[in-house]
Amino acid sequence: MFTTPIELMSILNMRKLMVREYTTVSKVLATCNVEYSFFNDWFTGHLNFQIEHHLFPTMPRHNCHKVAPLVKSLCAKHGLPYVNKPMLKAFGDILSQRQTLDSAGEEKRNL
């Protein structure tokens, strides 16, 4: 199957890179930011930059707005949506998604 240990290492490294790339893309696709404002920063404890927070979890939260333009340009370069919503819209989406999940769970329990 593999002719040399170097070939095996090359395939394993490629697999690791693919997993890392998939994880990064899924973090961007699975979340959104809440619009930047003094109130939103205060109210969310600087977690209104969810995309940046998930990409760089060890970065201090008050610095997320500094890398947001870079992340936004990278998303545009790679054709990924960079979603930024008003706070009420984001909360409304969370509640509607929760209702969808609750009803799906209820249907499953009734099977």
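# Worked exercises on a predicted model

The protein chain exposes about 8,700 Å², and carbon and sulfur atoms supply 65% of that area. The model is predicted.

## Exercise 1. Lay out the chain

Task: State how many helices and strands the protein chain has, and give their order.

Solution.
- Step 1. Count the elements. The protein chain has 5 helices and 2 strands.
- Step 2. Read from the N terminus. The order is α-β-α-α-α-β-α.
- Step 3. Check burial. Of the 111 residues in the protein chain, 19% are buried.
- Step 4. Check the range of contacts. Take contacts between residues at least 6 apart in sequence; 42% of these join residues at least 24 apart.

## Exercise 2. Classify two aromatic pairs

Task: Decide how the rings of Phe-39 and Phe-43 are arranged, then do the same for Phe-43 and Phe-91.

Solution.
- Step 1. Know what to look up. An aromatic pair is described by the distance of the ring centres and the angle of the planes.
- Step 2. Count the pairs. The whole structure holds 5 aromatic pairs.
- Step 3. Take Phe-39 and Phe-43. Their ring centres are 5.5 Å apart and their planes meet at 20°. Planes under 30 degrees apart count as stacked, so this pair is stacked.
- Step 4. Place this pair. Phe-39 and Phe-43 both sit in helix α2, residues 38-44. They are 4 residues apart, about one turn of the helix.
- Step 5. Check accessibility. Phe-39 has a relative accessible area of 46% and is partly exposed. Phe-43 is also partly exposed, at 45%.
- Step 6. Take Phe-43 and Phe-91. Their centres lie 6.4 Å apart, with planes at 70°. An angle over 60 degrees counts as edge-to-face, so that is the label for this pair.
- Step 7. Place the second pair. Phe-43 is in helix α2, and Phe-91 is in helix α5, residues 87-109. The two are 48 residues apart, and the pair links distant parts of the chain.
- Step 8. Check Phe-91. Its relative accessibility is 38%, which counts as partly exposed.

## Exercise 3. Extend the pairs to a surface patch

Task: Find which residues form the aromatic cluster, and which form the nonpolar patch on the surface.

Solution.
- Step 1. Collect the cluster. Phe-39, Trp-42, Phe-43 and Phe-91 form one aromatic cluster.
- Step 2. Collect the patch. Its members are Phe-38, Phe-39, Trp-42, Phe-43, Phe-91 and Ile-94. Together they have about 750 Å² of accessible area.
- Step 3. Assign elements. α2 and α5 are the elements that give two or more residues to the patch.
- Step 4. Find the main contributor. α2 gives the most, with 4 residues. Ile-94 belongs to helix α5.

## Exercise 4. Trace the core

Task: Name the residues of the largest nonpolar core, and say where the largest share comes from.

Solution.
- Step 1. Recall the trend. In soluble globular proteins, nonpolar side chains tend to be buried together.
- Step 2. List the members. The largest nonpolar core has 8 residues: Val-28, Phe-49, Ile-51, Cys-64, Ala-68, Val-71, Cys-75 and Tyr-82.
- Step 3. Find the source. α4 supplies the largest share of this core, 4 residues.
- Step 4. Zoom in on Ala-68. Ala-68 lies in helix α4, residues 64-77. It is buried, with 7% relative accessibility.
- Step 5. List its contacts. Beyond four places in sequence, Ala-68 touches Phe-49, Glu-52 and Tyr-82.
- Step 6. Gauge one spacing. Ala-68 and Tyr-82 are 14 residues apart along the chain, and their C-alpha atoms are separated by 9.8 Å.
- Step 7. Turn to Val-28. Leaving out residues up to four places away in sequence, Val-28 touches Ile-51, Leu-55, Cys-75, Leu-80 and Pro-81.

## Exercise 5. Buried strand, loop residue

Task: Is Asn-33 buried or exposed? Where does His-46 lie?

Solution.
- Step 1. Place Asn-33. Asn-33 is in strand β1, residues 33-34.
- Step 2. Apply the cut-off. Buried means under 20% relative accessible area. Asn-33 is at 1%, so it counts as buried.
- Step 3. List its partners. Apart from neighbours within four places in sequence, Asn-33 contacts Asn-48, Phe-49, Gln-50, Ile-51, Glu-52, Tyr-82, Val-83, Asn-84 and Lys-85.
- Step 4. Place His-46. His-46 lies in the loop between α2 and α3 (50-55).
- Step 5. Check the backbone. His-46 has phi near 65°, a positive value in a residue other than glycine.
- Step 6. Check accessibility. His-46 is partly exposed, at 31% relative accessible area.

Definitions and conventions:
Residues are numbered from 1 along each chain as its sequence is written. This is a predicted model: local features need pLDDT of at least 70, side-chain atom pairs count only at pLDDT 80 or more; totals for chains, interfaces and linings use all residues. Side-chain values use heavy atoms; hydrogens and water are left out. Buried means under 20% relative accessible area, exposed over 50%, partly exposed in between (1.4 Å probe, protein chains only). Contact means heavy atoms within 4.5 Å. Accessible areas come from the Shrake-Rupley method with a 1.4 Å probe; for residues, only the protein chains shown count as cover. Rings of Phe, Tyr and Trp (its six-membered ring) pair if their centres lie within 6.5 Å; planes under 30 degrees apart count as stacked, over 60 as edge-to-face and the rest as tilted. Patches are made of residues with over 30% relative accessible area and no salt bridge: like charges are joined within 9 Å, nonpolar side chains (Val, Leu, Ile, Met, Phe, Trp, Tyr) within 5 Å. A salt bridge is a side-chain nitrogen of Lys or Arg within 4 Å of a carboxyl oxygen of Asp or Glu. A nonpolar core is a set of buried Ala, Val, Leu, Ile, Met, Phe, Trp, Tyr and Cys residues joined through side-chain atoms within 4.5 Å.
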